[in-house]
2 protein chains.
Amino acid sequence: MTNTDAAPVSTDDLTTALKEVLDGRWSATRDVVRGHIEDESLVPRSGVALDDYRADMLEQMRAMVPLGFPADGFRPEHGGTGDVGAAVTAIETLGYGDLSLMVKAGVQWGLFGGAVENLGTERHHDKYVRGLIDLDVVGCFAMTETGHGSNVQALETTATYDAATGEFVIDSPTPGARKDYIGGAAAHAHYAAVFAQLVTAGPGEEPTSRGVHCFVVPIRDADGADLPGVTTSDCGYKGGLPGVDNGRIVFDEVRIPRGDLLNRYADVAADGTYSSPIESDNRRFFTMLGTLIRGRVTVGAAAGATGRLGLALAVKYALVRRQFSAPGADDELVLLDYRTHQRRLLPLVARAYAFALAQNEVIAELHELQTADPADVDPDAIRKLEVKAAAIKAGHTALASRAISEAREACGGAGYLDENRLSRLRGDIDVFTTFEGDNLILRQLVAKQLLTAYADDVSDLDAVGWIRFVASTVRDVALEKTAARQVVQTLLDDSDEDPENSDLTHPGTQLRLVRNREDHLLRTAANRMRRAQDPDEDAKEVFTATQDHLIKVGDAHIERIVLEIMVDVIGKVSDTKTRTLLKRVRDLFVYSLLEDDLGWFLMHRHVSVERAKAIRRGVNELCGTLRPHAAELVDAFGVPAVALGVPMIRHA
Amino acid sequence: MTNTDAAPVSTDDLTTALKEVLDGRWSATRDVVRGHIEDESLVPRSGVALDDYRADMLEQMRAMVPLGFPADGFRPEHGGTGDVGAAVTAIETLGYGDLSLMVKAGVQWGLFGGAVENLGTERHHDKYVRGLIDLDVVGCFAMTETGHGSNVQALETTATYDAATGEFVIDSPTPGARKDYIGGAAAHAHYAAVFAQLVTAGPGEEPTSRGVHCFVVPIRDADGADLPGVTTSDCGYKGGLPGVDNGRIVFDEVRIPRGDLLNRYADVAADGTYSSPIESDNRRFFTMLGTLIRGRVTVGAAAGATGRLGLALAVKYALVRRQFSAPGADDELVLLDYRTHQRRLLPLVARAYAFALAQNEVIAELHELQTADPADVDPDAIRKLEVKAAAIKAGHTALASRAISEAREACGGAGYLDENRLSRLRGDIDVFTTFEGDNLILRQLVAKQLLTAYADDVSDLDAVGWIRFVASTVRDVALEKTAARQVVQTLLDDSDEDPENSDLTHPGTQLRLVRNREDHLLRTAANRMRRAQDPDEDAKEVFTATQDHLIKVGDAHIERIVLEIMVDVIGKVSDTKTRTLLKRVRDLFVYSLLEDDLGWFLMHRHVSVERAKAIRRGVNELCGTLRPHAAELVDAFGVPAVALGVPMIRHA
């Protein structure tokens with residue numbers, strides 16, 4: 001790649017340079033999976049019967065095993081190769097192919113495998129890991145129930161220890177306790193990682209519920225028939241993901257050996273005595289959930305890939321499809337020459353760049369934490385990564401969903417035909433905002449963690465207790481005065497403290513605006529909480545009134561950290577032309593996020609009316625600036641040719 | 001229905017009263033179709049093969065014939081019964097059932113039938129109308145081409161008159177001229193209303209293109225095989241609407257008799273002489289298109305019904321599904337007790353009320369115009385209704401799409417399963433923002449008409465000419481100083497001229513805010529246009545810079561007319577309790593539309609920062625006020641039980 005200012009940079013070189021930035025650390029993995037998608041023509045298909053589609057996806061999973069990525073997700077001492085970043089990146093890249101495969105692979109190696117890997121101990125690793133890498137052990141992740149999704153602590157499935165036989169009895173006591181929407185449960189899974197309320201009694205004790213724990217439960221025999229006491233059923237057709245066999249499981253007093261409790265964080269002795277290194281039921285529960293973070297990271301990443309694919313399809317169509325003549329011209333204009341069309345797509349492309357870079361950082365941090373010696377890992381780092389992963393999952397899946405909807409509409413009737421793929425992506429992506437943590441819940445979770453400054457001892461609290469905690473402990477909730485990233489701090493120092501008078505294209509000004517918004521929201525949220533201490537206040541009312549505010553805090557935080565990462569990454573790009581272009585992409589990301597939230601910025605006097613008008617103009621101008629590079633910007637996503645080879649682009 | 005202030009009003013009475021308001025003039029028609037949906041279990045199904053689904057829909061169309069609605073769409077003198085409002089309302093109500101049927105019925109009786117009815121003359125009415133009512137003549141509407149959607153004037157299909165044989169030769173000269181996405185073309189249609197460039201030469205003349213005209217062309221024989229020269233093909237799977245057989249048609253010099261030109265607005269004599277009562281090619285073209293308004297009205301109306309169905313499903317689920325405990329409570333709260341959940345759904349319910357009432361008015365006006373003696377109809381009234389129909393189509397379909405997406409997400413994983421229907425509605429509704437006029441185009445069309453004050457002589461102009469026209473003719477573009485509706489004028493007179501100091505719950509204030517926004521946008525758009533007269537200005541640049549502004553004008557206009565209609569209708573409701581509740585619904589509609597566009601209102605100083613904060617609080621408070629009536633509000637939609645009888649509601 002050319003790297004001097006003087007030398008002309010070709011389109012190809014620029015695309016390559018951008019791709020290098022986007023691909024990041026696991027670029028080799030990305031290229032292998034891209035090649036695989038191309039070789040196997042891994043694109044969503046229509047008109048295939050559910051059973052056939054599902055069987056095909058299982059075959060495709062088998063074809064992935066020799067590529068090595070399934071083994072990457074597990075520690076060498078458990079039978080894997082221990083490259084977590086490669087494992088996650090490989091599944092992310094399937095978002096350029098078929099999300100049905102991505103989800104099935106994610107369930108097997110990420111969720112089911114992750115539960116065994118992270119909640120189990122040596123006996124489980126020895127018993128299951130090799131088999132689940134090679135698909136001799138096909139499993140599912142049975143957490144959600146018909147009656148309980150986001151509120152995992154309220155699950156109703158029970159696992160009652162029977163000291164007489166040394167077994168746990170797994171049971172679904174109510175209709176709401178039925179495991180539901182479980183990928184793999186309808187057909188292929190022979191094992192389930194079942195989350196259930198553990199009930200046990202030590203010698204002379206009353207049976208006590210110890211909260212939710214995870215158990216490995218065989219659910220099907222070698223022929224695929226339900227095992228005794230297990231009743232599976234099929235969720236049938238969904239909005240998308242036809243290749244994923246989502247199903248339901250009802251347990252009727254199914255007995256499993258004591259050893260099949262995944263006992264890293266808690267155990268039950270033969271006599272029924274319960275023990276755990278973590279005393280608080282709540283903290284133990286959240287520690288266990290925290291280890292499952294990889295699924296959340298993977299889902300955000302794959303959604304991002306699919307969003308990029310959708311944008312690439314729409315931009316490429318907009319570069320060939322003509323409609324209406326320009327004033328004074330003979331030819332019709334291509335769609336992307338219309339400002340309205342630029343405004344639909346280019347700010348989303350800019351946003352896709354920002355989130356892709358942030359996602360890479362989350363994957364890299366996950367890799368570091370999950371490949372380190374557990375004894376060396378700072379619990380605070382884990383908690384911070386959990387919040388970051390929740391933030392990026394919510395932001396990235398929301399972006400993907402919005403980008404694909406916009407892309408579909410931007411391609412008109414052609415966008416509605418399955419042959420052009422966008423309608424299929426739309427159906428597949430739709431549930432990503434819901435599973436692995438509903439985005440509405442995640443954004444509140446992010447806000448709560450910020451308000452308690454990642455305090456360790458709030459997980460025991462109910463909603464009122466939590467509000468009281470915030471109210472009583474946090475004197476002055478605010479962003480750290482000093483940015484964690486050196487480059488961010490330098491830019492802040494380098495910019496005018498009054499954003500109104502400073503240059504809006506200066507990254508310091510941009511960072512300041514976005515940080516100030518989050519800071520303002522955090523402080524005012526804390527103030528609201530403080531009111532809950534007033535004896536005249538109804539805590540329930542405060543709780544209700546605050547929910548919206550928390551979601552807004554979450555959103556502001558998401559955009560702040562994404563911008564900081566983007567600034568950081570761009571600062572490290574050495575080629576001037578590439579860096580300059582990426583700065584304009586950053587500008588468009590910032591200007592359009594300001595425009596999207598202009599009511600807030602004006603209402604709270606963070607921008608003036610004059611500046612607001614400059615922001616609107618700026619979005620237009622930046623769209624014009626990036627228009628000539630639109631093809632390079634989406635080519636740099638590195639979407640496999642087979643995924644872009646749709647009739648509307650080929651024959652336009 | 002009780003109708004006094006003193007008497008207690010039961011929930012049922014309130015629901016009935018609301019339903020009466022929403023159902024409007026053709027309530028009897030609605031009830032018949034509701035009963036039909038219930039009797040036939042007309043709900044979207046999954047896992048049915050395309051061919052079977054399509055065949056079922058054709059059978060369902062046959063079952064509709066005896067209900068009489070197909071005949072309602074045609075004048076008695078042509079073989080119908082002439083109740084246009086009933087015909088449109090019947091198809092609208094199918095939006096509570098299966099949109100595949102709605103679209104197929106709309107294509108046959110609305111689009112194909114409408115072309116024959118409105119563009120044809122006696123010979124066509126005699127030849128086709130009875131048959132197309134009874135489905136002996138099944139047709140399709142072949143306007144859109146692969147290369148040309150929104151820009152209908154650029155269609156490439158040709159119809160060249162051959163005076164030697166007295167025939168038109170229909171031909172697709174380029175790949176882009178292929179008719180595409182045509183509902184019915186893949187399988188069932190035996191006739192097509194084909195839009196093509198008419199080329200003819202009178203004695204001694206050179207062949208001249210006379211612009212787009214419509215021809216009835218047989219495309220299939222009795223066995224369903226393509227006729228000679230006709231090649232149909234199948235668009236296959238789409239994002240939804242599996243029961244609609246969208247397809248493509250290529251014509252290779254297909255000959256049809258001269259008489260099959262639909263010749264109400266233009267004719268070709270045996271010798272090839274072209275004649276038309278309308279001299280301007282452009283004006284003739286737009287007059288012909290204008291007669292096809294019924295399709296646009298029907299699509300907006302049906303989308304509205306489906307949006308209401310989606311909201312009813314989500315609200316009913318939110319009233320039974322529990323999640324997380326309230327502070328201090330034992331039971332988990334139902335979803336609709338969360339403010340975030342109220343904010344997701346209730347403003348959309350309010351908006352659905354507003355648009356439903358506006359849609360009723362459009363249907364009633366369409367009915368009056370299309371059942372009157374054509375000689376009595378004021379061309380100005382037609383043009384105004386065209387603009388209104390475009391506005392409501394764009395607004396109503398956008399609302400439906402947004403409401404169903406929000407409803408799907410608000411139902412979490414359950415919302416993603418086809419058995420709970422929202423995912424199917426999502427797929428079906430998606431294309432409604434595109435077909436019968438892409439919303440982006442329609443909003444600009446609305447703005448352009450407003451800027452030229454519905455002038456008659458602008459259809460000849462290209463983009464630059466049009467801008468010049470606006471710039472030169474319009475001294476002071478603004479809303480009429482006096483509102484067309486008496487009630488609106490009275491309320492305006494009754495409210496403070498300075499909206500900032502007036503009561504925001506006063507409808508006069510609300511109207512003023514919404515009118516002032518449109519007025520402001522119109523004036524500033526006109527000013528921009530005026531700049532195009534400056535010789536230094538690049539007209540193309542002005543055109544590009546203005547597009548966004550025009551879309552915003554369109555949106556402001558849509559919300560203004562919807563609010564005015566809503567105020568008008570509510571003013572006529574006699575029962576106090578019903579009227580009071582509807583006023584709160586109106587308030588929520590207004591407060592949330594202000595909130596959605598707060599950046600604009602603040603930036604242009606139409607609301608102050610203090611008022612902006614009051615608006616946000618007001619949305620919260622109104623959600624709280626309407627929460628206890630949520631069930632009644634959606635029950636009043638009158639969605640058939642079969643459409644709401646989904647597992648997530650039945651078994652929660």
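## Two loop residues and a two-fold pair

Glu253(B) sits in the loop that joins β8 (246–251) to β9 (254–257) of chain B. Strands here are DSSP runs of E of at least two residues, helices are runs of H or I of at least four, and both are numbered from the N terminus. This is a predicted model: local features need pLDDT of at least 70, side-chain atom pairs count only at pLDDT 80 or more, and totals for chains, interfaces and linings use all residues. Residues are numbered from 1 along each chain as its sequence is written, while chains are lettered from A and ligands numbered from 1 in the order in which they are written.

Most residues other than glycine have a negative phi. Glu253(B) has a positive one, near 50 degrees. Arg421(B), also not a glycine, has a positive phi of about 80 degrees. Arg421(B) belongs to the loop between α12 (412–416) and α13 (422–429) of chain B.

Burial is counted from C-beta atoms placed from the backbone: 20 or more others within 10 Å means buried, 12 or fewer exposed, and in between partly exposed.

| Residue | Other C-beta atoms within 10 Å | Class |
|---|---|---|
| Glu253(B) | 14 C-beta atoms | partly exposed |
| Arg421(B) | 26 C-beta atoms | buried |

Now the chains. A turn of 180 degrees, with a shift of 0.0 Å along the axis, lays chain B on chain A with an RMSD of 0.0 Å. The two copies are therefore related as by a two-fold rotation axis. The superposition is by least squares on C-alpha atoms of residues with pLDDT of at least 70 in both copies. In chain B, the C-alpha of Gly599(B) is nearest the axis, 1.8 Å from it. Both copies use the same surface: 100% of the contact residues of chain B recur in chain A. Contact means C-beta atoms, placed from the backbone, within 7 Å.

Technical notes
Two residues are in contact if their C-beta atoms, placed from the backbone, lie within 7 Å.
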